Amino acid sequence: MSSALASRLSLNAGDRLHTTGDRRGGCRLEAMDAKISDLTVASTSIRADVAGFWETATDLDQRLTTVENHVAVLPDQETQLRSLRAKVTDLEDRSRRDNMRLFGIPEYKEGSDINTSLKNLLPELTGLVFSPPLEFQRVHRIGHLHKNNPRQASSIITCFLHHEQARQTISAAKSQGPFSLEGH
């Protein structure tokens, strides 16, 4: 009896399990399929995100490499820039060495041609005799004309054509001290 009862119990238990499996098993499989499907979609989305991050990381790596290459060259360029600035300063100084600035020459003194007027005035003031004759690249006044007060004359800038004439004139002006022209 015990074996018959045991076989019936196992059969009844099997039936129940089988019945339970049919009723709930189908729902469970559908739920698992839905969850697997959701996981597959999430996994695909994560893969796409990782691929996008990988592409961004690769792009950033390339950009960083480019920046590092540019930064590596900066010290050389800074040295070159310092050298070029020194050259420009030297060239500016050399271009100005033939310039002379004159103050206090009344504006009515030169007439209409300041160039010719200075060619006559500078030898007279310095006592120098120029050979070849005194020549200028440029001569012009700086600032505005003072028509109301002729004693307040704007300064004159001269750029000598010959360096030797500029050196002689500037040397004479330094050694003789300030010049006076008609009390100005």
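Reader: Which residues of H3 are buried?

Author: In this predicted model, the buried residues of H3 are Gln-165, Ala-166, Thr-169 and Ala-172. They cover an arc of only 135 degrees around the axis, which puts them on the same side of H3. On the other side of the helix, Lys-174 and Ser-175 are exposed.

Reader: What covers the buried residues of H3?

Author: The cover includes strand S1 (99-102), helix H2 (114-126) and strand S3 (156-160). From S3, Phe-160 is in contact with Gln-165, Ala-166 and Thr-169, among others, when its neighbours within four places in sequence are left aside. The list for Phe-160 also includes Met-100, Leu-122 and Phe-136.

Reader: How do you know that the span of H3 is close to the one expected?

Author: Helix H3, residues 163-176, has 14 residues and reaches 20 Å from its first C-alpha to its last, and this is set against the 20 Å expected at 1.5 Å a residue. Just after the helix, Gly-177 takes a positive phi of about 85 degrees.

Reader: Why is Cys-159 called buried and Cys-27 exposed?

Author: Buried means under 20% relative accessible area, and Cys-159 has a value of 4%, so Cys-159 is called buried. Exposed means over 50%, and Cys-27, with a relative accessible area of 52%, is therefore called exposed.

Reader: How many disulfides are counted?

Author: The count comes to zero disulfides, where a disulfide would need a pair of cysteine sulfur atoms within 2.5 Å.

Reader: What makes up the largest nonpolar core, and which residues have the most contacts inside it?

Author: The largest nonpolar core has 15 residues, and those with the most contacts inside it are Leu-102, Leu-118, Leu-122, Phe-136, Ile-156 and Phe-160. The elements that give two or more residues to this core are S1, H2, strand S2 (136-141) and S3, and H2 gives the most, with five residues. As a general background, nonpolar side chains in soluble globular proteins tend to be buried together.

Reader: Which side chains of S1 point to the buried face, and which point to the other?

Author: The side chains alternate along S1, with Met-100 and Leu-102 pointing to one face and buried, whereas Asn-99 and Arg-101 point to the other and are not buried.

Reader: How do you know that S1 and S3 are paired, and which residue is the bridge partner of Arg-101?

Author: Pairing asks for at least two bridges between the strands, and four bridges join S1 to S3, so the two strands, which run antiparallel, count as paired. The bridge partner of Arg-101 in S3 is Ile-157.

Methods. Residues numbered from 1 in each chain as written. Predicted model: local features only at pLDDT ≥ 70, side-chain atom pairs only at ≥ 80, totals over all residues. Heavy atoms only, no water. Expected span 1.5 Å × (residues − 1). Buried < 20%, exposed > 50% of the residue type's maximum accessible area, 1.4 Å probe, protein only. Arc of directions from axis to C-beta. Contact = heavy atoms within 4.5 Å. Core = buried A, V, L, I, M, F, W, Y, C linked by side-chain atoms within 4.5 Å.
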